[in-house]
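Open the model in your viewer and keep the sequence panel at hand. We will go from one selection to the next.

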Amino acid sequence: MAIHRRHLTAAAVGLSLASMLPGFAQAQKKIVLGFSQVGAESEWRTANTESIKLAAADAGIELKFSDAQQKQENQIKAIRSFIAQKVDVIAFSPVVESGWDNVLREAKAAKIPVVLTDRSVNSKDTSLYVTFMGSDFVEEGRKAGRWLVDKMKDQKGDVNIVELQGTVGSAPAIDRKKGFEEIIKADSKFKVIRSQTGDFTRAKGKEVMEAFLKADGKKINVLFAHNDDMAIGAIQAIEEAGMKPAKDITIISIDGVKGAFEAMMAGKLNVSVECSPLLGPQLMSAVKDIQAGKTPPKRILTKEGIFPMETAAAEFPKRKY
Ligand code: GZL
């Protein structure tokens, strides 16, 4: 018995000595990540949130998560709260590109590294964030444009396009529009006759498409929607107007969420350009690198494809979001 007790005492002493080593304490402390999410406006966002929460749990990272309901002031409040709580790292998906410099300077002054995920900011001072991980939205717009140019190559007359833009001032809305127009401007038959924001939601996408149909109905040949949720809302409006989606009006959208594959398999959506929301694992890996004193690349790009309706049924079982 005495020997056993001696071993226990020695082990306890050993442990308490080890815990005085600087590395030991640091190695044991859980990393705390403050994450400010845009909101829950679309299937894409829901999948993105799920990816981040699951990856944080898998990585053993303590996640403080805030939903900004698509309001910049809520994101700024959340970031200030993370600074006050002295989290180890702050990450966020900026709802719009501008207006972040002051709060990012406060994070820098507090020596808390910041990671941008999904959407970027237009700050001139790139020292305000460690890395930006997400898609190339301009290329997504180009992919949509190239698909349309190919689809309409034999079309002689005007191709009248209506556009449902994403959230005003957001990187995906600005860049997808830019990439799409860069491609279609090569042929004057492509005319964007109406363009308005649907704020990335199904409800607003339906409402705006109803207004487009009321104004231009039969004149509309193509709908370019900056995300699948707005396209799905617009499909409802097109059917309620007695027209056939994907036949009377060619429909192009972006994200590649489940709802888009279901619409393509039902013959109501022509194509969806992939934009992956599954950023959780990459984010946690970057957070761990930063905590370990490593610097991730300034730009981490997500690789993506394009899914025409003809491939939807074969692809659908393989989809992860
Ligand atoms: C794109 C992301 C966009 C999606 C929308 O990375 O920011 O926001 O395309 C989402 O579905 O609402």
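Select Gln 69 to begin. This is a predicted model, and here Gln 69 is exposed, with a relative accessible area of 55%. That value counts as exposed because the cut-off is over 50%. Gln 69 sits in the loop between β2 and α4 (72-84). Check its backbone: phi is positive, about 50°, although Gln 69 is not a glycine.

Next, select Lys 86. You will find Lys 86 in the loop that runs between α4 and β3 (89-92). Is Lys 86 buried or exposed? Lys 86 is exposed, and its relative accessible area is 68%. Its phi is positive too, near 55°, and Lys 86 is a residue other than glycine.

Now go back along the chain to helix α3, residues 43-59. Put a distance between its end C-alpha atoms: they are 24 Å apart. The helix has 17 residues, so at 1.5 Å a residue it should span 24 Å, which agrees.

Stay on α3 and colour its buried residues. They are Trp 44, Arg 45, Ala 47, Asn 48, Thr 49, Ser 51, Ile 52, Ala 55, Ala 56 and Ala 59. An α-helix has 3.6 residues a turn, so residues three or four places apart point the same way.

What covers the buried residues of α3? Show these elements: the cover includes the strands β1 (32-37), β2 (62-67) and β9 (250-255). The helices α9 (228-240) and α11 (280-291) are also among the covering elements.

Last stop: Gly 60. It comes just after α3 and takes a positive phi of about 70°.

Terms used:
Residues are numbered from 1 along each chain as its sequence is written. This is a predicted model: local features need pLDDT of at least 70, side-chain atom pairs count only at pLDDT 80 or more; totals for chains, interfaces and linings use all residues. Side-chain values use heavy atoms; hydrogens and water are left out. Helices (H or I, at least four residues) and strands (E, at least two) are DSSP runs, numbered from the N terminus. The expected span of a helix is 1.5 Å times one less than its number of residues. Buried means under 20% relative accessible area, exposed over 50%, partly exposed in between (1.4 Å probe, protein chains only). Contact means heavy atoms within 4.5 Å.
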